[in-house]
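Student: I am new to this structure and would like a close look at one part of it. Could you walk me through it step by step?

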Number of protein chains: 4
Amino acid sequence: MRGYSTDKDGYLARLRRVEGQVRGLQRMVENDEYCIDVLTQIAAATKALQAVSLGLMDEHLKHCVAQAIAEGGVAADEKVREASEAIARLVRS
Amino acid sequence: MRGYSTDKDGYLARLRRVEGQVRGLQRMVENDEYCIDVLTQIAAATKALQAVSLGLMDEHLKHCVAQAIAEGGVAADEKVREASEAIARLVRS
Amino acid sequence: MRGYSTDKDGYLARLRRVEGQVRGLQRMVENDEYCIDVLTQIAAATKALQAVSLGLMDEHLKHCVAQAIAEGGVAADEKVREASEAIARLVRS
Amino acid sequence: MRGYSTDKDGYLARLRRVEGQVRGLQRMVENDEYCIDVLTQIAAATKALQAVSLGLMDEHLKHCVAQAIAEGGVAADEKVREASEAIARLVRS
């Protein structure tokens, strides 16, 4: 079972809200709303996505990575390397 | 007319693609897909939103801010202050 | 005169503080201090640099860009393009 | 032994380079150099600090966190929680 399954409903609810925000952004652009207001709304959607990422990463460390480490061997190193790469993508996005 | 109207269709197309990515994220979570793959997809959606923000900010400077400066007066200072605050939100989100 | 000269002393004071933080980081690594504490201190230095960037960008828009726009012509477009590229670097760094 | 000790010299060398960059920034401001050039140099220093953070976090996961997980118990949960908080600070800085 995947780690994030422990709060699957929470993640789905948050992603549906982001979907609503992105649809709202399309309406704002459609209606020529003021750039700064559109930018504020994009920042809100970005922050919401970031919160989902940080939650998933926390669960990934707690479950997948911890399990691989507990089992030991090459898989553990691989999981840590993979997590570090994902953290780098998160920081740079 | 709002500045971003010059490439309204481009922004709408990009936002529709982000909406699709966010719906894809919901399916991924629904299907318990691997955390790292979900994180990669969130990074892609975040980068796409960021690109829209940078495009809008560029047009905002070119049109709204430039026009306010050309007209002079208090409105110009206000527009620059507002743009600087939006840049700060962009950098911190 | 460059725009940021209006608060030159403030910027210099902040940069000297960042220099002190970076020297502090070297001592921390030298003394094998705890990774998480080192990371917290790096985040503080990064935020301080970011604040300097946002201040400089604000002054740049207020002075250099505004002046170029007021004078009109090709220089104005060039200044806005240059500012937008700097904003993109700021957002992505 | 702290995890990052495995590449202590590398981290020290990188931090000394950042210190040099921050001193260079002071000279640039002192000499009223062009804002955009100062911003470009700040972005370089920020990226260098970020690279140190990502390296330290990778080693932290590989060593401190992995060891705590291998030993099990409450310390492991605590280490993962602490790492997740540090990742969040990294993403938001």
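In which helix of chain A is Thr46(A) found?

Tutor: Happy to help, and please keep in mind that this is a predicted model. Thr46(A) lies in helix α2 of chain A, which covers residues 35-71. Its relative accessibility is 8%, and because buried means under 20%, Thr46(A) counts as buried. Within its own chain, the side chain of Thr46(A) reaches the backbone oxygen of Ile42(A) at 2.8 Å.

Now look across to chain B. Leaving aside residues up to four places away in sequence, Thr46(A) touches Thr46(B), Leu49(B) and Ser93(B). Thr46(A) thus touches Thr46(B), so let us see how the two chains are related. A turn of 180 degrees with a shift of 0.0 Å along the axis lays chain A on chain B with an RMSD of 0.0 Å. The two copies are therefore related as by a two-fold rotation axis. Of the interface residues of chain A, 100% are also interface residues in chain B, so the copies meet through the same surface.

For contrast, turn to the cysteines of chains C and D. Over all chains, a search of the whole structure finds 0 disulfides. Cys35(C) is in no disulfide, and its nearest cysteine sulfur, that of Cys64(D), is 4.0 Å away. The sulfur of Cys35(D) has its closest cysteine sulfur in Cys64(C), at 3.9 Å, which is too far for a bond because a disulfide needs the two sulfur atoms within 2.5 Å. Cys35(C) is buried, with a relative accessible area of 0%, and Cys35(D) is buried with a relative accessible area of 0% as well.

Key. Residues are numbered from 1 along each chain as its sequence is written. Chains are lettered from A and ligands numbered from 1 in the order in which they are written. This is a predicted model: local features need pLDDT of at least 70, side-chain atom pairs count only at pLDDT 80 or more; totals for chains, interfaces and linings use all residues. Side-chain values use heavy atoms; hydrogens and water are left out. Buried means under 20% relative accessible area, exposed over 50%, partly exposed in between (1.4 Å probe, protein chains only). Copies are superposed by least squares on the C-alpha atoms of residues with pLDDT of at least 70 in both. Contact means heavy atoms within 4.5 Å. Helices (H or I, at least four residues) and strands (E, at least two) are DSSP runs, numbered from the N terminus. A polar contact is a pair of N or O atoms within 3.5 Å; within protein, one must be able to donate a hydrogen and the other to accept it, and residues adjacent in sequence count only if both atoms are side-chain atoms.
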